[in-house]
Amino acid sequence: MDGRVWTFARASAAATIVVVAWGCSGADRPPTDAQGLTAVASVAEVMDAIVIPASETLFNAVVYSNGELVVAPSNDAEWHTVRMAALALAESGNLLKIGSRLRDREAWVSYADAMTMSAIRAARAADAKDLDGTLEAGTDVYAACTNCHRDYIDEN
Ligand code: HEC
């Protein structure tokens, strides 16, 4: 192998390595943080995309009016829908702690965790088709929403 061919072989080997590296971590992969996680949406977008629709499903699942039960899931599919909404809220607590969405490691995390823990209880209650348990856990989820908003949304 003369010098020129050798140089070409080395250059193409180097190019191959670059292509392989590109293929492994290239343009079609999102940038990740140290944990390999990617915050794609803003906090407001996570609210709009996941938290708001899921919470509406949970909050509207069991409704009493003047002490009378007026809305309740009536079959397996409806309970499943409530349980999935609760799980979406539980996982949303994790989403709020990823990357740029994590505002601080104190109150923000405790509100996000409060949403996750109360939503887990709602999911368990829905799994057990427990009307009052679903209602109570939903009330606690609502408290987590309003506590976080009180501290982190400017009222001005
Ligand atoms: C850990 C904190 C936190 C929790 C928990 C949380 N939110 Fe939010 N939410 C925010 C912040 C911060 C904003 C403002 C985002 C912005 O405007 O940049 C927001 C915005 C919103 C908005 C306005 C959306 C918009 O497009 O501006 C709604 C509605 C909302 N949240 C509903 C909920 C509901 C319902 C829950 C509970 C099921 C909840 N949030 C739980 C932090 C939280």
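Let me begin with a definition: a residue is exposed here if 12 or fewer other C-beta atoms lie within 10 Å of its own C-beta, buried if 20 or more do, and partly exposed in between. Take Asn66 as the test case: it has 5 other C-beta atoms within 10 Å, so it counts as exposed.

One caution before going on: this is a predicted model. Average pLDDT for the protein chain is 88, and 82% of the residues score at least 70. The stretch to be wary of is residues 17–23, where pLDDT stays under 50. For those residues the model has 0 contacts beyond four places in sequence. So much for the warning label.

Okay, the overall layout. The protein chain has 5 helices and 2 strands. Reading from the N terminus, the order is α-α-β-β-α-α-α. The chain is 156 residues, and 21% of them count as buried. Now contacts: if you take those with a separation of 6 or more, 65% are between residues 24 or more positions apart.

Back to Asn66, since we've met it already. You'll find Asn66 in the loop between strand 1, which is 63–65, and strand 2, which is 68–71. Asn66 isn't a glycine, yet its phi is positive, about 50 degrees. For background, most residues other than glycine have a negative phi. Where else does that turn up? Lys129 is another non-glycine with a positive phi, near 50 degrees. Lys129 sits in the loop between helix 4 and helix 5. Is Lys129 exposed or partly exposed? It has 16 C-beta neighbours inside 10 Å, so Lys129 counts as partly exposed.

Now the helix packing. Two packed helices are described by the angle between their axes and the distance between the axes, and I'll go through three pairs that way.

Pair one is helix 2, residues 43–59, with helix 3, residues 76–95. The angle is about 145 degrees and the axes are 8 Å apart. This crossing is left-handed. On the helix 2 side, the contact residues include Val46, Ile50, Val51 and Leu58. Facing them from helix 3, you have Val82, Ala85 and Leu89, among others. By class, this contact has 11 nonpolar and 4 polar residues, and no charged ones.

While we're on helix 2, have a look at Met47, which lies in that helix. Met47 has 17 other C-beta atoms within 10 Å, so it falls in the partly exposed class. In sequence, Met47 and Leu89 are 42 residues apart, but C-alpha to C-alpha they are 9.9 Å apart in space.

Pair two is helix 3 with helix 4. Their axes are 7 Å apart, at an angle of about 160 degrees. Angles over 145 count as roughly antiparallel, so helix 3 is roughly antiparallel to helix 4. The crossing of these two is left-handed. From helix 3, the residues that meet helix 4 include Trp79, Arg83, Leu87 and Asn94. Helix 4 contributes Asp113, Met115, Ile120 and Asp127, among others. What classes do the residues of this contact fall into? They divide into 13 nonpolar, 4 polar and 3 charged.

Pair three is helix 4, residues 107–127, with helix 5, residues 131–152. The angle here is about 165 degrees, with the axes 8 Å apart. Helix 4 and helix 5 are therefore roughly antiparallel too. Helix 4 passes helix 5 in a left-handed crossing. If you want to click through the contact, helix 4 brings residues including Trp108, Tyr111, Met115 and Arg121. Across from them in helix 5 are Val141, Cys145, Cys148 and Tyr152, among others. The tally for this contact is 15 nonpolar, 5 polar and 3 charged.

One more residue in helix 5, and then I'm done: Glu136. What is its environment like? Glu136 is partly exposed, because 16 other C-beta atoms lie within 10 Å. Glu136 and Arg121 are 15 residues apart in sequence, and their C-alpha atoms are 9.0 Å apart.

To wrap up, keep two things in your head when you open the model. The three left-handed crossings are helix 2 with helix 3, helix 3 with helix 4, and helix 4 with helix 5. And residues 17–23 are where pLDDT stays under 50. Thanks, everyone.

Note on methods:
Residues numbered from 1 in each chain as written. Predicted model: local features only at pLDDT ≥ 70, side-chain atom pairs only at ≥ 80, totals over all residues. Helix = DSSP H or I, 4+ residues; strand = E, 2+ residues; numbered from the N terminus. pLDDT = per-residue confidence, 0-100. Contact = placed C-beta atoms within 7 Å. Axes fitted to C-alpha atoms, helices over the stretch in contact; angles between N-to-C directions. Parallel < 35°, antiparallel > 145°, perpendicular 65-115°, else oblique. Left-handed = near helix turned anticlockwise from the far one by under 90°. Nonpolar A, V, L, I, M, F, W, Y, C, P; charged D, E, K, R; others polar.
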